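User: I would like to learn how to read a few features of a model, such as strands, burial and surface patches. Please take them one at a time.

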Amino acid sequence: MGSFSELVKNFDKTRNYIRDFFIYGFKVRSDFERKSSRTYDDEKRRIESWLSDYIKHDNSERGKQVSISLDSGSISENPLYKAYYSKSFTANDIKLHFFIIDVLSDGTSMTVNEITDKIYELYNELFETQTIRIKLREYAEEGIIIIRKKGKIYYYSLIPDRTDEFLKNYQGLADAVKFFSETQKFGVIGNSILKSAGIENDIFVTKHNYIVHTLEDIIIPEILDAIENKKYISVVNFRNKNKKIENIIPLQIMSSLQTGRRYLAIYVDNHFTSMRLDFTEKVISGKVCDYYDDIYDKFLNYRKYCFSASFGLWKKPCEIETITIDFIIDEKNENYVIERLEREKGNGILEKIEDNHFRLTVKTFDSNELIPWIRTFTGRILSLNSDNKAVTRRFYNDVCRMKNIIYKDENYENIS
């Protein structure tokens, strides 16, 4: 019987379990249908060992539900980073890591044969030359080793730049890394730098820190490379692994104002739409798109009608909707509200109707995206109307339900 280990070989599997059972699913053991219940128990134990301080157990009629619960404004390090440090290594991987670095630590350049001989001389360990060559190439890709060619011979040396020396020699650099270690664009890279230098983030916390985004960081480089090189991509989703969506033109990574989730704006089947990154398991780069620039220019014209990340319904041509909201705002004492409307209105137009009466008109592909933002002005909203009648009904029904909850209004009626 195989023994349980906290380490894993396949990060995709770990990422899948975390998102399904601890973030989105709130599933119980009986919901696990992929493999045996033993597999579920092992994966659950493994993830709980990484995230023990943030695990919440709830009992329901279906069984025990497990989820992550934390206040992102009270933590200095995203706990999901631990998943990236869970990769397993063979005994030879560990040996070669220290042997190679020690042999090259004096700054000399050596051929692969010289490195092989030196390792045998110092440690009485004999490795195949090809094994060491593969490890050296791997480290070159990771930025640890420099490869130089002289004639037909390759020489290998350690990169002279060291994290601890940079952080020590450049004042304020350590604080900058601490700050960016909790941002979406630097995230786990900054965290890795801090750990390699033995430093902890003891300064910064982020109130609204979407920690789950780090699980998507594994696919971001492939997406950005495709965007930069104007390539098609193919996508495999967690929901349907047997179906690969092909010939997608990636355009931009966007964030939703409703949920904080990240989306990839794409052009597929002759229309613009967006897809959730947290549902995306794998991205496969394809060939160059000859008309990428034309699509991207068209996208820039369409993007101004996205209040956050939605182009409307999937596989439906983008249709512009108009939503109009009237506000009553005390201009003398609440000018900050007017400033906020101006700052956050996107492509909307804010106009003054009369004293203390303002009207915001927004043209967008999806009026639904404005509703969570509009709710933050509750108490100042005089009226709301949208071309999308379902959005108008939803807003007024929400107001009526809230009134019923607060005042126990027996006369509440659903607006149809």
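User: Which two strands form a hairpin with two residues between them?

Analyst: In this predicted model, the hairpin is made of E7 and E8. Asp 269 lies in the turn and has a positive phi of about 55 degrees.

User: How many bridges join E7 to E8, and in what sense do the strands run?

Analyst: Strands of a sheet pair through backbone hydrogen bonds, in either a parallel or an antiparallel way. Here strand E7 (residues 262-268) and E8 run antiparallel, joined by six bridges. To place the register, take Ala 265, whose bridge partner in E8 is Ser 274.

User: What is the strand order in the sheet that holds this hairpin?

Analyst: The sheet is open and has five strands, in the order E8-E7-E6-E5-E9, with antiparallel pairing. E8 and strand E9 (280-288) are at the edges; each has a single partner strand, so one side of each lacks a neighbour in the sheet. From one strand to the next, the twist averages 45 degrees.

User: Which pair could I check further inside that order, and how many bridges does it have?

Analyst: Take strand E5 (residues 231-237) and strand E6 (residues 244-255), which pair in the antiparallel sense over three bridges. Val 235 stands opposite Ile 245 in E6.

User: Back to E8: is the strand enclosed or open to the outside?

Analyst: An edge position in a sheet has to be read separately from burial. Buried means under 20% relative accessible area. In strand E8 (residues 271-276), six of the six residues are buried, so the strand is largely enclosed by the rest of the structure. His 271, Thr 273 and Met 275 point one way, Phe 272, Ser 274 and Arg 276 point the other way, and all are buried.

User: How does the same reading work for a loop residue? Is Ser 308 buried or exposed?

Analyst: Ser 308 sits in the loop between helix H10 (292-303) and strand E10 (321-328). Its relative accessibility is 9%, so Ser 308 counts as buried. The side chain of Ser 308 also makes a polar contact, at 2.5 Å, with the side chain of Glu 369.

User: And on the surface, which residues form a nonpolar patch?

Analyst: The patch consists of Val 399, Met 402, Ile 405, Ile 406 and Tyr 407, and together they have about 540 Å² of accessible area. One of them, Met 402, is found in helix H13 (residues 389-407). With a relative accessible area of 38%, Met 402 is partly exposed.

Conventions. Residues numbered from 1 in each chain as written. Predicted model: local features only at pLDDT ≥ 70, side-chain atom pairs only at ≥ 80, totals over all residues. Heavy atoms only, no water. Helix = DSSP H or I, 4+ residues; strand = E, 2+ residues; numbered from the N terminus. Buried < 20%, exposed > 50% of the residue type's maximum accessible area, 1.4 Å probe, protein only. Polar contact = N/O pair within 3.5 Å; in protein donor to acceptor, adjacent residues only side chain to side chain. Patch = residues over 30% accessible without salt bridge, like charges linked within 9 Å, V, L, I, M, F, W, Y side chains within 5 Å. Areas by Shrake-Rupley, 256 points an atom, 1.4 Å probe, with all protein chains shown as cover. Salt bridge = Lys/Arg side-chain N within 4 Å of Asp/Glu carboxyl O. Pairing = 2+ DSSP bridges. Axes fitted to C-alpha atoms, helices over the stretch in contact; angles between N-to-C directions.
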